[in-house]
Amino acid sequence: MKVVIHHSAREILAAFYGCLESDVDTYDLVVLPDEDGEHCFSRNAFYKSILRQRCWGYYEIHKDIHLWIAKNASKVKALMLIAHELSHSRKPMHYNTIAEEAKACDAERFVEEVYSIVRKVMK
Ligand SMILES: [Zn+2]
């Protein structure tokens, strides 16, 4: 597994969709799972949402982790993103996408708690 670092939201979404960077914010639809279920967005709305959160990533099953982290992203959000995507590369791999997302979201919360404790201890 390798970690592919992308330099912009546009670049990572073009890799994710397999399209040109100019097509990442169209009105075509994208369906993405999270631990609460699957959600449908226009590509345009999704592009704007990842710009707001300043980081995003995805895991290509049995292949690479892709990350985009803006220079002004929150450190804890960046750590949570990395934990989330690394978790997808770890066993057990759930074939149910909702269960798989729940596993990755657990990893995020774990890292968030670790970061919170480190901040308190190292103040
Ligand atoms: Zn995920």
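This is a guided tour of a predicted model, given as a series of selections for the viewer.

**Whole chain**

Begin with the complete chain in a cartoon representation. The chain contains four helices and five strands, and along the sequence these elements follow the pattern β-α-β-β-α-β-β-α-α. The radius of gyration is 15 Å, close to the 14 Å that the globule rule gives for 123 residues, so the chain is as compact as a globular protein of that length. Along the principal axes, the C-alpha atoms fill a box of roughly 45 × 35 × 25 Å. Of the 123 residues, 15% are buried. Where contacts join residues at least 6 apart in sequence, 46% of them link residues at least 24 apart.

**The largest nonpolar core**

Next, select A9, I12, L13, V24, W56, W68, I69, M80, L81 and A83, and display their side chains. These 10 residues form the largest nonpolar core. Two or more residues of this core come from each of α1 (9-17), β5 and α3. In soluble globular proteins, nonpolar side chains tend to be buried together.

Within this set, centre the view on I69. Apart from neighbours within four places in sequence, I69 is in contact with C55, A78 and L81; L81 also belongs to the core.

**Helix α1**

Keep the core visible and select α1. Which residues of α1 are buried? They are A9, I12 and L13. These three cover an arc of only 95° around the axis, which puts them on the same side of α1. An α-helix has 3.6 residues a turn, so residues three or four places apart point the same way. To see what covers the buried residues of α1, add β1 (3-6), α2, β4 and β5, which are included in that cover. Then move to G18, just after α1, where phi is positive at about 70°.

**Two positive phi values outside glycine**

Select R54, in the loop between α2 (43-53) and β4 (55-59). R54 is not a glycine, yet its phi is positive, at about 65°. Is its setting buried or exposed? R54 has 17 other C-beta atoms within 10 Å and is therefore partly exposed.

Continue to H62, which lies in the loop between β4 and β5 (65-69). H62 likewise is not a glycine and has a positive phi, of about 60°. Here the count is 8 other C-beta atoms within 10 Å, so H62 is exposed.

**The cis peptide bond**

Select K91 and P92 and show the backbone atoms. The peptide bond joining K91 and P92 is cis, with omega about 0°. P92 is located in the loop between α3 (75-88) and α4 (97-121).

**A104 in helix α4**

For the last stop, select A104, a residue of helix α4. A104 counts as buried because 23 C-beta neighbours lie inside 10 Å. Leaving aside neighbours within four places in sequence, its contacts are H84, S87 and H88. Finally, add E35 to the selection and draw a C-alpha to C-alpha distance from A104. The two residues are 69 residues apart in sequence, while their C-alpha atoms are 8.6 Å apart in space.

Conventions
Residues numbered from 1 in each chain as written. Predicted model: local features only at pLDDT ≥ 70, side-chain atom pairs only at ≥ 80, totals over all residues. Buried ≥ 20, exposed ≤ 12 C-beta atoms within 10 Å, placed from the backbone. Contact = placed C-beta atoms within 7 Å. Rg over C-alpha atoms; globule rule 2.2 N^0.38 Å. Core = buried A, V, L, I, M, F, W, Y, C linked by C-beta atoms within 7 Å. Arc of directions from axis to C-beta.
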